[in-house]
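User: Hi! I've got a structure open and would like to talk through its packing, strands and side-chain contacts. Can you help me out?
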Amino acid sequence: MTQSLSAAQARRTFLDAQGLAGKRRARRPRVQDFATYLERQGVLQLDTVNVLARAHYLPFFSRLGPYDTDALDTYLWGAPDGHGAHTFEHWGHEASVMPDDLLPAMHHRMATDGNWMSRTRDRLEAERPGLIAQVRAFVNDRGPVTSSEVEHLSPRASKRGTWWDTSHVKDALDLLFITGEVASSRGKNFSRTYDATERAWGLPPAAPTPSWALPADVGRQELFDRALFACGIGTPADLCDHFRLPMRPGKNAPDAAGGAAWAASAVERGLAEWVSVEGWSEPALLAKGEPTPEAPWHRPASDPGRATGAALLSPFDPVCWYRPRLERMFGMEYRIEIYTPAPKRVYGYYCLPFLLGDQMVGRVDLKADRQAGVLRVAAVWREEGAVRGTRRRTDEEIVELLAGELGGMARWLALDRIEVGPGGNIAGHLGAFLR
């Protein structure tokens, strides 16, 4: 008989897998906490947006509270020479950093000759014959290097644009990175560096087909399994989105089995069971299975019974990635409005959902004004509705707990004070409380 879960049970199970169901530990975050998060989630999204803090910093703050960002960067990318890193960078969920044990499962993305790869390779060979090989050799000999250190191989024909940075050398480096022929890391000020895979990964290049790589079908199944344990519960579409796997075969992955086949395999191997969830139109997978030496990321789904945490969530947080799940689970219609013209924005430029217990109770448009030493709250909104199985939180509850989160964030970002603007439906309440 298929197990049935309430909507509240499903939310708590998901938040428990995400490390957001309970209150944060009182102790200072440790390097092991970084390792545990990355092992369980398998992927950490990167983005250059820095209006509040860099995208890869915020998921750790949401779960751990204030921590040393330099310690995280050292854990992720190692010493300045790129040695000692625990991760590699590639397209996991968009541009991402992932634990190095996922390299074999990710190889199929490096080996797939997509349209951009073919077009870029053909164009570069036509416009700058031999440049790709020259760039590869220079990186292997001199790495880690930044793109500017390689530009002399083919000086720019035009100046760098205001909104873009492209050149023949940059395109060659991006091509070699995507195909796994060179490795990418991060240096000072989040600048991308390139190095030989033997130095950065301790492995030979991903092209053409190294002995360490998993076949495409095996690699995709492992990514689906990792997503299952990262989320605890989800529909096949929810889980496919975690590593941007195709729900069904398409032109970019004609050999992919698809979400239904990967879900069936997980059930057959005892990693999951089908469940029905109150209010969901599709059945969901619930994670089963204990950790093993081969798969320490195995973790059975668990409902803690109560969700007691509070956290501001980045637009780049795994909880917010898949908008259909966010709306189905938490009743929140959400989009990041960075690329929306200002007159058309509804909630603000960089708006963070506010999680309280197992509800998304509000959204806050934030900016770190580092020059003035101010955490600026441009707007603060409460969500008007309440999802199944919850009570509606009062404005006073939301404001008090949100003020605590904002205070912790301001201290973490070394900002002296918080200033609340007039935008939103509870900005006045928050401003009065802070005063």
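User: Let's start with α5. Which of its residues are buried?
Analyst: Happy to help, and do keep in mind that this is a predicted model. In α5, the buried residues are L103, A105, M106, H107, H108, R109 and M110. That is seven of the nine residues in this helix, which spans 103-111, so α5 counts as mostly covered.

User: What do the buried residues of α5 pack against?
Analyst: Their partners are two strands, β3 (87-92) and β4 (94-99), along with the helices α6 (115-127), α8 (168-178) and α10.

User: OK, on to α12. Which residues are buried there?
Analyst: Helix α12 covers residues 259-268, and G259, W262, A263, S265 and A266 are buried in it. These residues lie on the same side of α12, because they cover an arc of only 160° around the axis.

User: Why would residues a few places apart end up pointing the same way?
Analyst: An α-helix has 3.6 residues a turn, so residues three or four places apart point the same way.

User: And what's on the other side of α12?
Analyst: A260 and E268 sit there, and both are exposed.

User: What covers the buried residues of α12?
Analyst: The cover includes the helices α10 (216-231) and α11 (236-242), plus the strands β8 (272-277) and β9 (284-287). There's a backbone detail here too: G270, just after α12, takes a positive phi of about 80°.

User: Changing topic: how many disulfides are there?
Analyst: The count is zero. As a reminder, a disulfide is a covalent bond between the sulfur atoms of two cysteines.

User: Why is C240 not in one?
Analyst: The closest cysteine sulfur to that of C240 belongs to C231 and is 11 Å away, which is too far for a bond; the cut-off is 2.5 Å. C240 is buried, at a relative accessible area of 1%.

User: And C351, what is its closest cysteine sulfur?
Analyst: That would be the sulfur of C320, and here too the separation is 11 Å, too far for a bond. C351 is buried as well, with a relative accessible area of 4%.

User: Where does C351 sit among the strands, and what stands opposite?
Analyst: C351 stands opposite D365, which is in β12. The strand β11 (residues 351-356) runs antiparallel to β12, and six bridges join the two. They form a hairpin with two residues between them, and G357 in the turn has a positive phi of about 65°.

User: Is β12 mostly covered or mostly open?
Analyst: Mostly covered: ten of the eleven residues in β12 (359-369) are buried.

User: How does β12 pair with β13?
Analyst: In the antiparallel sense, over eight bridges, with β13 spanning residues 374-382. One of the bridge pairs matches G362 with R382 in β13. This hairpin has four residues between the strands, and G373 takes a positive phi near 70°.

User: Now electrostatics. How many salt bridges does the structure hold?
Analyst: It holds 31 salt bridges. Among them is the pair D358 and R11, whose side chains meet at 3.2 Å, N to O. D358 lies in the loop between β11 and β12 and R11 is in helix α1 (residues 7-17), so this pair ties together parts that are 347 residues apart in sequence.

User: Are D358 and R11 buried or exposed?
Analyst: D358 is buried, with a relative accessible area of 11%. R11 is buried too, at 1%.

User: What does D238 form a salt bridge with?
Analyst: D238 pairs with R328, and their closest N and O atoms are 2.9 Å apart. This one links distant parts of the chain, 90 residues apart: D238 belongs to helix α11 and R328 to helix α14 (residues 323-330). D238 counts as buried at 1% relative accessibility, while R328 counts as partly exposed at 29%.

User: And which residue partners D369?
Analyst: R376 does, with the closest N and O atoms 2.9 Å apart. D369 is buried, at a relative accessible area of 18%, and R376 is partly exposed, at 29%.

User: Which residues do shared partners join into one network?
Analyst: Salt bridges that share partners join E89, K170, D174, R186 and R192 into one network.

Conventions: Residues are numbered from 1 along each chain as its sequence is written. Side-chain values use heavy atoms; hydrogens and water are left out. Buried means under 20% relative accessible area, exposed over 50%, partly exposed in between (1.4 Å probe, protein chains only). The arc is that of the directions from the helix axis to the C-beta atoms. Contact means heavy atoms within 4.5 Å. Two strands pair if DSSP finds at least two bridges between them. A salt bridge is a side-chain nitrogen of Lys or Arg within 4 Å of a carboxyl oxygen of Asp or Glu.
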